[in-house]
Amino acid sequence: MKNVVISGTGLYQPPYVITNAELVQAFNAYADLQNARHADAIAAGTQPALVHSSVEFIEKASGIKQRYVLEKSGILDPTRMKPRFAPRPDEQLSLMAEIALSAAQQALAAAGLQGKDIDGVLCAAANMQRAYPAMACEIQQAVGAGGYGFDMNVACSSATFAIEQAANAVRSGSAKRVLVVNPEITSAHLEWRDRDCHFIFGDVCTAVIVEAEETAVSAERWRILGTRLVTQYSNNIRNNAGFLNRCEDTDPDARDKTFMQEGRKVFKEVVPMAAAHIDAHLRELGFEPNQVRRFWLHQANLGMNQLVLRKLVGQDVGDDLAPVILGEYANTASAGSIIAFHLHRADLKAGDLGVICSFGAGYSIGSVVVRRD
Ligand code: COA
């Protein structure tokens, strides 16, 4: 079978930062406004008062210190609590395609390629900007690629699932070089008015080039030794926004039309699944977890990653074995493990083994075992 490599990666970082202090200040101002507006109902006991959020809780419970966003003023406006995006005419490049193009161009440059060298584009993300035409078709054109493009959504595992599709396409010969992009505009699906989750997400876009080893021209290559995907249905992370909403006559702003989760349950159920998944994948390929030089794990919660690693290698590990980008970027849905891979691999040597692994809604888990050529 053809050897397949990751030959380049790219990262688009949005222009604005929201610190936890700024976020909590906006949330608390929103809560005060709501409590004043509903003072009578709260006094009568028919409606609960909103409780303030806290920086200390956010940092302790999640490890998140700040997040990057594409638009900041709308999120921090206590009378709005969501980003403010201007609609674009159909002739203009759409927002998802714009950030995908930026990440893609970096990945192409890193791989020593041009857009025309690509003949497959997968736009893989937790949310798509529109129903159709597929975002991937627009990105394909913007990049100057040939071949085909399609969209994929497996929530937080979209990127790793897409890397498997890309590797299989290259192995089977249905594409020569595939561009995988993960434009995650999570600020638009996050419920900034919900204290339980308002701190979780940030915006970003990552890109990965997958091609045959024999055609790769880049100096740095990561051979894909194996991919392994699993899904198991759960309602614990859910978003009911969809094209049937208007026919159901439901409120498009209702709580279930943005990200919702039972965080505790997710933590408890996904940790053992992810650890067992990675362990089984490594053993299937003839490796032990302690032979892995670096784990680029999904970035949702610091404690979650620490527990997954403790189960895998039997001890507490530091940033060198499992880098954490969560503090700076927050949870960026499917892009998190790819950001970690993009930023923290330069020090690894030829022959070093690594695991990229995502976990999230579905539940879904995707692992990609790589070795530096
Ligand atoms: N500020 C202050 N206190 C808060 C708060 C906030 N923003 N949000 C919740 N709290 C309080 C709760 O009211 C609760 O108080 P109580 O004990 O008096 O009832 C307490 O903190 C614990 O709340 P809980 O929701 O159980 O927190 P947690 O420790 O489970 O942490 C998450 C919450 C979301 C950080 C954590 O569950 C998590 O990261 N889970 C995994 C999420 C995940 O991977 N999701 C995938 C998404 S793609």
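For what follows, a residue belongs to the shell around the ligand if one of its heavy atoms lies within 4 Å of the ligand, and Gly is counted among the polar residues. Please keep in mind throughout that this is a predicted model.

Let me begin with that shell. The ligand is surrounded by 19 residues, and the closest are Ser 53, Cys 156, Arg 195, Gln 261 and Asn 301. Sorted by type, the shell holds nine nonpolar residues, seven polar ones and three that are charged. Which atoms of Arg 195 and Gln 261 come up against nitrogen atoms of the ligand? For Arg 195 the partner is a backbone N or O atom, which lies 2.9 Å from a nitrogen atom of the ligand, whereas for Gln 261 a polar side-chain atom lies 2.7 Å from a nitrogen atom of the ligand. Gly 263 also takes part, with a polar backbone atom 3.0 Å from a ligand nitrogen. In terms of area, the ligand taken alone exposes 970 Å², and the protein buries 72% of that. As for where the shell comes from, the elements that give two or more residues to it are α3, residues 55–62, and α8, residues 263–284, and of the elements it is α8 that gives the most, with three residues.

I turn next to the interior. How many cavities of 30 Å³ or more does the count give? The count comes to one, and the largest cavity has a volume of about 40 Å³. Its lining is made up of Leu 23, Ala 26, Phe 27, Ile 75, Leu 76, Met 81, Trp 192 and His 198. Two elements, α1 at 20–37 and α4 at 73–76, each give two or more residues to this lining, with α1 giving the most, namely three residues. By type, the lining divides into seven nonpolar residues and one polar residue, with no charged residue.

Charged pairs come next. Side chains of opposite charge can pair when their charged atoms come close. Searching the whole structure gives 21 salt bridges, and I will show one of them, in which the side chains of Glu 98 and Arg 88 meet at 2.7 Å, N to O. Glu 98 sits in helix α5, residues 95–111, while Arg 88 is in the loop between α4 and α5, so that the pair, ten residues apart, links distant parts of the chain.

Finally, some remarks on the backbone. Most residues other than glycine have a negative phi, and most peptide bonds are trans. Against that background, the peptide bond from Tyr 132 to Pro 133 is cis, with omega near 0°, and Pro 133 is found in the loop between β4, residues 120–124, and α6, residues 135–143. The peptide bond from Gly 362 to Tyr 363 is cis as well, with omega near -10°, and Tyr 363 has its place in the loop between β12, residues 353–360, and β13, residues 364–372. What is the sign of phi at Ala 155? Phi of Ala 155 is positive, near 50°, in a residue other than glycine, and Ala 155 is in the loop between β5, residues 148–152, and α7, residues 158–172.

How values were computed. Residues are numbered from 1 along each chain as its sequence is written. This is a predicted model: local features need pLDDT of at least 70, side-chain atom pairs count only at pLDDT 80 or more; totals for chains, interfaces and linings use all residues. Side-chain values use heavy atoms; hydrogens and water are left out. On a 1 Å grid over the protein atoms alone, a cavity is a set of points where a 1.4 Å probe fits but cannot get out, and a pocket is an open set with protein on both sides within 12 Å along at least five of seven lines; lining residues have an atom within 4 Å of a point. Grid points are joined across faces, edges and corners, and a volume is the space filled by probe spheres set on the points. Helices (H or I, at least four residues) and strands (E, at least two) are DSSP runs, numbered from the N terminus. A polar contact is a pair of N or O atoms within 3.5 Å; within protein, one must be able to donate a hydrogen and the other to accept it, and residues adjacent in sequence count only if both atoms are side-chain atoms. Accessible areas come from the Shrake-Rupley method with a 1.4 Å probe; for residues, only the protein chains shown count as cover. A salt bridge is a side-chain nitrogen of Lys or Arg within 4 Å of a carboxyl oxygen of Asp or Glu.
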